[in-house]
Amino acid sequence: MSIKLSSGREIPIEMHKARMVQRISLVPVEERLRAIAEAGYNTFLLKTKDIFLDMLTDSGVNAMSDNQFAAFMNADDAYAGSMTFYDFAKAVEDVLGYKHVMNVHQGRAAEHLLAKVFAKPGDAIPTNYHFTTTKAHIELIGASCLEIYYDEALKTESSNPFKGNMDPEKLRKVIEKYGKEKVPFVRMEATTNLIGGQPFSMANLKEIRKICDKHGLILVLDGSLISENGYLIKQREKGYENKSVAEIVREMCGLVDLYYMSGRKNTSVRGGLIATNNKELFDKIRPWLPVYEGFYTYGGMSMREVGAMAVGMREMVDPAVAGSSVEQIKYFVGKLVETGIPVVTPPGGLACHLDAMRFLPNVPQSQYPAGSLAAALYISSGIRSMERGTVSMDRDKEGKEALADIELTRIALPRRVYTISHIEYAVDRINWLYKHRELVKGLRFVFEPPVLRFFDGRLEPIGNWGRELADAFKREIGDH
Ligand SMILES: Cc1ncc(COP(=O)(O)O)c(C=O)c1O
């Protein structure tokens with residue numbers, strides 16, 4: 001939610017109060033320099049004792065509600081037939097409109113099952129934009145992930161409200177080129193994670209549905225961030241201003257054949273699900289559930305999390321929840337735009353994204369500007385962000401570096417966790433860093449895992465720029 005002050009200024013407003021808190025600390029810059037070096041200049045490998053604001057991700061780190069904690073205590077811990085699962089299935093039917101649902105341990109487990117059941121080597125899966133784990137599962141099967149966005153999607157500075165739209169013309173061409181038998185499904189991702197949390201419009205989803213119908217193709221929705229996409233449709237799409245987020249989410253779900261989500265995001269728990277109204281599709285996936293995840297009524301999740309997910313499912317369409325990070329991101333991005341910091345616009349869901357190639361124009365893409373910027377931001381602030389650029393791409397089949405379409409440093413806003421003063425602090429340190437951007441240079445790998453290398457890879461700075469940046473910080477700001 002946002003609220004207008006008497007001055008006319010709009011600010012994000014929290015529609016909740018804190019009833020339990022976690023102490024955080026800001027270690028001195030010298031400690032931060034030591035910590036990032038120990039972590040191989042990879043923010044994933046930092047320890048939380050060294051982190052002030054953990055803005056790595058919104059996954060599994062959102063604040064849960066009192067009712068979700070109550071559901072933890074009330075959960076029915078049976079291996080099979082747990083009533084908590086049936087409460088959860090009812091919540092899925094009420095909120096998303098699907099009759100058939102299975103839990104999985106998290107979003108990538110759903111991607112694994114969908115790739116295993118539907119894709120074959122040589123297949124092509126069109127998507128508005130890939131997510132790292134989606135692409136990994138599709139490629140492990142021997143299929144490929146085709147990104148068919150509008151060119152505007154990659155313009156980091158834009159006023160296009162729906163940069164997450166799929167280009168229907170390009171989709172038609174892909175179907176023509178590969179033949180519909182080689183396209184096991186078409187995938188739409190709600191607020192596309194890797195291109196700056198950008199939503200797609202309902203009109204676009206309807207158009208993609210029509211093309212799928214024409215060719216008899218399965219349409220899959222990755223709804224990990226569906227409530228943000230719904231909230232942004234309400235704010236930005238003509239004809240939806242007077243619909244509730246709940247109605248919009250229901251309408252989106254009604255347009256697709258198969259739905260999956262990471263429950264770590266919108267439902268603020270640790271789990272995932274696959275749901276549909278198509279019994280035939282459901283029955284193709286269901287036999288594999290106990291093989292890879294667990295029995296049908298828990299699917300690899302703890303029953304406590306399933307109970308909390310049922311509550312989170314109902315809460316995620318409450319505009320106070322659906323808009324909680326969207327409004328903070330809008331405020332954050334707005335502040336950075338005021339001082340000319342290169343940041344993805346328009347603001348979307350999930351995070352504030354710095355455009356690392358414009359922030360650090362002297363760092364070539366082969367030296368990972370988004371990774372350098374994430375490390376430099378940590379040194380200058382204790383804020384943990386995430387590289388979403390070339391480090392997050394794996395090498396191609398020939399082992400060649402695959403340069404990312406855009407280099408983003410993602411500063412995530414987990415739901416209901418941080419406040420405006422935290423954002424003001426982040427804005428200040430980003431501005432300081434921007435003034436000293438010429439100090440920051442590139443990185444090179446010293447250890448590179450073969451798949452999803454961004455998680456565990458270790459890098460080193462080219463030159464001694466971490467030390468130089470820390471020294472400049474100490475001279476001008478002090479230890480903290
Ligand atoms: C859009 C999207 N899909 C899938 C996933 C994978 O979900 P999980 O991390 O729960 O495995 C994520 C995770 O961030 C995501 O953002």
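# Chatting through salt bridges, a ligand site and helix H8

Student: Let's start with Glu251. Buried, exposed or partly exposed?

Tutor: Glu251 counts as partly exposed, at 21% relative accessibility. The cut-off for buried is under 20%, so Glu251 falls outside that class. Keep in mind that this is a predicted model.

Student: OK, and which residue forms a salt bridge with Glu251?

Tutor: Lys206 does, and the closest N and O atoms of the two are 3.3 Å apart. Lys206 sits in helix H7 (residues 202-215) and Glu251 in helix H9 (residues 245-254), so this pair links distant parts of the chain, 45 residues apart. Lys206 is partly exposed too, with a relative accessible area of 36%.

Student: How many salt bridges does the structure hold?

Tutor: There are 41. Some are joined up: Glu31, Arg34, Glu38, Lys49 and Asp50 are linked in a network of them.

Student: What about Glu169 and Arg172, where do they lie?

Tutor: Both are in helix H6 (residues 168-178), three residues apart, which is about one turn of the helix. Their salt bridge has its closest N and O atoms 2.7 Å apart. Glu169 is partly exposed at 42% relative accessible area, and Arg172 is partly exposed at 33%.

Student: Then Asp222. Which side chain meets it in a salt bridge?

Tutor: That of Arg187, at 2.8 Å from N to O. Here again distant parts of the chain are linked: Asp222 is in strand S8 (residues 219-222) and Arg187 in strand S7 (residues 186-189), 35 residues apart.

Student: Are those two buried or exposed?

Tutor: Asp222 is buried, with a relative accessible area of 4%. Arg187 is buried as well, at 1%.

Student: Switching to the ligand. How many residues surround it, and which are the closest?

Tutor: There are 13 around the ligand, and the closest are Arg108, Asn193, Asp222, Ser262 and Lys265. You'll recognise Asp222 from the salt bridge with Arg187.

Student: How far is a polar side-chain atom of Asp222 from a nitrogen atom of the ligand?

Tutor: That distance is 2.5 Å. A polar side-chain atom of Ser224 also lies 3.5 Å from a ligand nitrogen. On the backbone side, a polar atom of Gly107 is 2.9 Å from an oxygen atom of the ligand.

Student: Where does Thr192 lie?

Tutor: In the loop between S7 and H7. Thr192 is buried, with a relative accessible area of 1%.

Student: And what does Thr192 touch, leaving out residues up to four places away in sequence?

Tutor: Asn128, Tyr129, Gly164, Gly197 and Gln198. With Gln198 there is a polar contact: the backbone oxygen of Gln198 lies 2.8 Å from a polar atom of the Thr192 side chain.

Student: Now helix H8. How many of its residues are buried?

Tutor: Eight of the 11, so H8 is largely enclosed by the rest of the structure. The buried ones are Ile226, Ser227, Glu228, Asn229, Gly230, Tyr231, Leu232 and Ile233.

Student: What do the buried residues of H8 pack against?

Tutor: Several elements: H7, S8, H9, strand S9 (258-262), helix H13 (319-322) and H14.

Student: Take H14. What angle do the axes of H8 and H14 make?

Tutor: Roughly 65 degrees, and the axes of H8 (residues 226-236) and H14 (residues 324-338) come within 9 Å. From H8, the contact is made by Glu228, Tyr231, Leu232 and Gln235, and from H14 by Ser325, Val326 and Glu327.

Student: How do the residues of that contact of H8 with H14 divide into nonpolar, polar and charged?

Tutor: Three are nonpolar, two polar and two charged.

Student: Last one. Where is Ile477 found?

Tutor: In the segment after helix H19 (465-476). At 34% relative accessibility, Ile477 counts as partly exposed. Not counting residues up to four places away in sequence, Ile477 touches Arg429 and Trp432.

Student: And how far apart are Ile477 and Val29?

Tutor: In sequence, 448 residues; in space, 10.0 Å from C-alpha to C-alpha.

Methods: Residues are numbered from 1 along each chain as its sequence is written. This is a predicted model: local features need pLDDT of at least 70, side-chain atom pairs count only at pLDDT 80 or more; totals for chains, interfaces and linings use all residues. Side-chain values use heavy atoms; hydrogens and water are left out. Axes are lines fitted to C-alpha atoms, for helices over the stretch in contact, and angles run from 0 to 180 degrees between N-to-C directions. Helices (H or I, at least four residues) and strands (E, at least two) are DSSP runs, numbered from the N terminus. Contact means heavy atoms within 4.5 Å. Ala, Val, Leu, Ile, Met, Phe, Trp, Tyr, Cys and Pro count as nonpolar, Asp, Glu, Lys and Arg as charged, and the others, Gly among them, as polar. A salt bridge is a side-chain nitrogen of Lys or Arg within 4 Å of a carboxyl oxygen of Asp or Glu. Buried means under 20% relative accessible area, exposed over 50%, partly exposed in between (1.4 Å probe, protein chains only). A polar contact is a pair of N or O atoms within 3.5 Å; within protein, one must be able to donate a hydrogen and the other to accept it, and residues adjacent in sequence count only if both atoms are side-chain atoms. A residue is near a molecule or strand if one of its heavy atoms lies within 4 Å of it.
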